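This briefing sets out selected features of one protein model, grouped by topic. Please read it alongside the sequence and structure shown here.

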Amino acid sequence: MASVSIENVRKSYGALEVVHGLNVEMEDGYFIVLVGPSGCGKSTLLRMIAGLETITSGTIRVGDRVVNDLAPKERDIAMVFQNYALYPHMTVYQNMGFSLKIARRPKSEISQKVGGASSILDLDRYLERKPVALSGGQRQRVAMGRAIVRDPKVFLFDEPLSNLDAKLRVQMRSEIRDLHRRLGTTTVYVTHDQTEAMTMADKIVVLNAGRIEQVGSPLDLYRNPVNLFVAGFIGSPH
Ligand code: ADP
Ligand code: MG
């Protein structure tokens with residue numbers, strides 16, 4: 001586990017700055033939710049933490065390590081995407097073990113890690129199936145399993161539930177929270193859904209047009225929104 005510190009982080013695409021000098025501390029072991037309307041810079045910030053996008057200026061720290069110039073695989077971070085991007089021709093077992101296989105980890109370790117993740121995620125019975133034979137929720141769990149087997153210090157989720165139907169979304173919210181409770185891994189979770197933010201977060205970061213409007217617990221934001229944007233955003237039905 002590790003904290004993630006965002007210090008004066010900016011991002012421009014060409015002449016256009018889309019992230020304007022963000023400062024936020026994401027504490028070790030917390031479940032942090034980045035919430036805000038479409039286009040406000042949530043994915044850009046997450047991708048900068050992951051190392052999938054360069055930062056234009058500022059510093060990102062994971063624990064006490066500055067990661068600005070580290071490749072994604074050197075950051076001890078695992079990202080779960082919205083479209084789970086499972087390998088269709090591989091079984092669940094192979095999907096979950098793939099990153100370890102290409103890292104040339106021994107078979108015994110792969111089997112132990114995949115076994116551990118699949119029992120946490122209740123996937124033991126599905127290890128020999130291909131993704132096409134899984135439900136949406138099961139595919140989502142395999143995507144999480146691929147992240148878990150790497151023992152990352154930080155999990156990043158980018159709108160992982162937005163392709164699921166409403167009922168499954170509610171179920172997966174609590175599964176992801178359970179997972180966090182069990183593993184204790186620092187998690188940064190992006191959503192545009194305020195209900196998701198309010199029900200899942202230890203700490204919410206409200207973004208708007210590349211700036212932070214407010215940082216606080218769900219209760220802080222509910223009781224003391226700092227401005228009309230936050231009040232309207234948190235208060236509005238999805
Ligand atoms: P969100 O995830 O909150 O919906 P994004 O981080 O995807 O927002 O995008 C933030 C802003 O940056 C948007 O205005 C978007 O159009 C712009 N943007 C994102 N990626 C690129 C890119 N590769 N090139 C140019 N502009 C981009
Ligand atoms: Mg996005």
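Helices and strands are DSSP runs, of at least four residues (H or I) and at least two residues (E) respectively, numbered from the N terminus. On that numbering, G29 lies in the loop that links strand 2 to strand 3 (31-35). The model is predicted. The points below cover this loop residue, the strands, the ligand shell and two helices.

**The loop residue G29**
- G29 has 15 C-beta neighbours inside 10 Å and therefore counts as partly exposed, since that class lies between the limits of 12 or fewer for exposed and 20 or more for buried.
- Apart from neighbours within four places in sequence, the contacts of G29 are M1, G184 and T186.
- One of these contacts, G184, follows just after helix 5 and has a positive phi of about 70 degrees.
- Between G29 and E109 the separation is 80 residues in sequence and 25 Å in space, taken from C-alpha to C-alpha.

**The four-stranded sheet**
- Four strands form an open sheet in the order 2-1-4-5, and their pairing is antiparallel.
- Strand 2 (16-26) and strand 5 (65-66) are the edge strands; each has a single partner strand, so one side of each has no neighbour in the sheet.
- Strand 1 (residues 4-13) runs antiparallel to strand 2, and seven bridges join the two.
- Within this pairing, V4 faces M26 in strand 2.

**The hairpin of strands 9 and 10**
- Strand 9 (residues 203-208) pairs with strand 10 (residues 211-216) through five bridges in the antiparallel sense.
- V206 is placed opposite Q214 in strand 10.
- Two residues separate the strands of this hairpin, and A209 in the turn takes a positive phi of about 50 degrees.

**The shell around ligand 1**
- Ligand 1 is surrounded by Y13, V18, G36, S38, G39, C40, G41, K42, S43 and T44.
- Helix 1 (residues 42-50) makes the greatest contribution to this shell, with three residues.
- By class, the shell around ligand 1 holds three nonpolar residues, six polar and one charged.

**Helix 3**
- Helix 3 (residues 107-120) has 14 residues, which at 1.5 Å a residue should span 20 Å; the C-alpha atoms at its ends are 20 Å apart, in agreement.
- Its buried residues are I110, K113, V114, A117 and S118. Because they cover an arc of only 125 degrees around the axis, they are on the same side of helix 3.
- S108 and S119, on the other side of helix 3, are exposed.
- The cover over the buried residues of helix 3 includes helix 2 (92-102) and helix 4 (136-148).
- D122, just after helix 3, has a positive phi of about 60 degrees.

**Helix 5**
- For the 18 residues of helix 5 (residues 166-183), 1.5 Å a residue gives an expected span of 26 Å, and the end C-alpha atoms are indeed 26 Å apart.
- R173, I176 and L179 are the buried residues of helix 5. Viewed down the axis of helix 5, they fall within an arc of 130 degrees and so line one face of the helix.
- An α-helix has 3.6 residues a turn, so residues three or four places apart point the same way.
- Exposed residues on the other side of helix 5 are K167, S174, D178, R181 and R182.
- The buried residues of helix 5 pack against helix 3, helix 4 and helix 6 (194-200).

Notes. Residues are numbered from 1 along each chain as its sequence is written. Chains are lettered from A and ligands numbered from 1 in the order in which they are written. This is a predicted model: local features need pLDDT of at least 70, side-chain atom pairs count only at pLDDT 80 or more; totals for chains, interfaces and linings use all residues. The expected span of a helix is 1.5 Å times one less than its number of residues. The arc is that of the directions from the helix axis to the C-beta atoms. Two residues are in contact if their C-beta atoms, placed from the backbone, lie within 7 Å. Two strands pair if DSSP finds at least two bridges between them. A residue is near a molecule or strand if its C-beta atom, placed from the backbone, lies within 6 Å of it. Ala, Val, Leu, Ile, Met, Phe, Trp, Tyr, Cys and Pro count as nonpolar, Asp, Glu, Lys and Arg as charged, and the others, Gly among them, as polar.
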